[in-house]
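Morning, everyone. Please bring up the model on your screens, and I'll walk you through a few parts of it.

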Amino acid sequence: MMLTVPLSQRRGQVTAMKNSKLLLIIGAAVVLVIAAAVSVMSVQSVRKGGILFSMNAKLRNTIEIPLSQVESLSVSYGSKNLKIYVWQEDEIVVKEYLNSGSGDALATKTIENGKAVITGGQTKWGFNLLWGGLGEKIEIYIPESGLTSLELETGSGNIAVQEEFAFTGDNVSVQAGSGNINWGCTKAASISLKAGSGNIRVQDLIGEQVSVSTNSGNISVKNISGSIYAKAGSGNITLEKISGQCEAETGSGNLKVEAKQVTGDISLVSGSGNQRLELPEGLSFELTVKTGSGNINTDYDSALSYNKKGNEATGQVGNAPASKIYLKAGSGNVSVRGEK
C-alpha cells in the first residue's frame, strides 16, 4: 500500500529546504566578506610598513624618573607583557615597545607625595592587536634598593623578572589578570603575587608575609622564608625548601611541601588531589591528618592513633611540640615523611 504525503506537509518540507539553503548562502557570504576585509587590511598593513603574522612593535616611548624624586612605584597596564630589570642606576626607566606611537597609546606618568604612578595607554582593538599586538612589551628598569614599595599590574599579559634580578624593599605587589608570573630574588616585609588565570613560578624570597595565589594555574615555589600562604583554585602547588610557617590550599590539584625549617604551624588543605609533606629531622609537633577517600602514609605511625576507617590520624611527635601540623584531603592520598 502506497502512503501519500499530504500536500501541506510537502509544501512545508520544500520551504524548510529552501530556508536551509538560504542560510548556507548567507553564511558563505559572511565568510567571504570577512576574508576580503582581512585581505584588504593585510595589504594596508604591509603598505604602512607592517608584516602580516609578524610582531611589529617598536620603542615608542621612554619614561625616566630620578630615584631622588620618589619612594614608591606603581605600574599598571591593561594588556601588556611586563619585563622587570634591576640595575645600578639611581633612576627608574620604563620603555614601551608598541605598535602605535599615537598619544593615547602611550603611558601617562604622575608623581605625588613621593609615589610615581605609570598608567598604560589605550589598547587598539582590531587587526593590529590580533597580529602585531602580540609583539608589544614593557621593559621596566628599577634600582636594586631605594624604593620602599613596588606595585606591578597587567590585565592580560605575563610579568617576569630578568636575569640577575635582586630587589629589596618594604612591600612588593605583583598581579596579572590572565598571564603567568615568574618572580624571584626579593626581600621585603610583604610580598604578594597573584594571577587570575596563569602559572606562578617563584624562587629566592624572604618576607615576613608572603602570599602566592592563582585562580586557575600551578604554583611552584623554591627557597622561600617567612609566613607563607599559597592558594590555587584549580592547580598543583609545589613548595620546595621553605623555612617558616605555611598555609596552602588547592581546590583541585596535588600539594607537595618540602620544609627545610619549621618555625610555626603548617596547614595543607586540598579538595581533590594527593598531598605530600616532607619535614626536617628532629622536629617536635602535633599532627592531624584527614582524608575523605584515600590512604594515609606516614613515618610517624608509632606516635599516631587512627580511627576505625583509617582515614583520620592524630598524635604527638617528640616532646614539647612547638608546631601544629594539619593536613586534610577531600579525595586523595596523604603522605607525611621525615628527613632520613
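I'll take the core, then a pocket, then the cysteines. Keep in mind that this is a predicted model.

Core to begin with. The largest nonpolar core holds 74 residues. Which of them have the most contacts inside it? Those are I84, I142, W183 and L279. Click on I84. Leaving out residues up to four places away in sequence, I84 touches I140, I142, L152, I159, A160, V161, Q162, F165 and W183. So two of those names, I142 and W183, turn up on the list of top-contact core residues as well.

Now the pocket. I mean the second largest one. Its space comes to about 240 Å³. Three elements each give two or more residues to its lining: β12 (181-197), β13 (200-216) and β14 (219-234). Which element gives the most? That is β12, with four residues. In total, 15 residues line this pocket. Nearest its centre lie N182, W183, R201, V202 and Q203. Note W183 there: it is also among the core residues with the most contacts. What is the lining made of, by class? Five residues are nonpolar, five are polar and five are charged.

Last, the cysteines. How many disulfides are there? The count is zero, taking a disulfide as two cysteine sulfur atoms within 2.5 Å. Buried or exposed, where does C246 fall? C246 is buried, at 5% relative accessibility. C185 is partly exposed, with a relative accessible area of 32%. Because buried means under 20%, C185 misses that class.

That's my tour. Over to you.

Methods: Residues numbered from 1 in each chain as written. Predicted model: local features only at pLDDT ≥ 70, side-chain atom pairs only at ≥ 80, totals over all residues. Heavy atoms only, no water. Core = buried A, V, L, I, M, F, W, Y, C linked by side-chain atoms within 4.5 Å. Buried < 20%, exposed > 50% of the residue type's maximum accessible area, 1.4 Å probe, protein only. Contact = heavy atoms within 4.5 Å. 1 Å grid on protein atoms, 1.4 Å probe; cavity = no way out; pocket = protein on both sides within 12 Å on 5 of 7 lines; lining within 4 Å. Points joined across faces, edges and corners; volume = space filled by probe spheres on them. Nonpolar A, V, L, I, M, F, W, Y, C, P; charged D, E, K, R; others polar.
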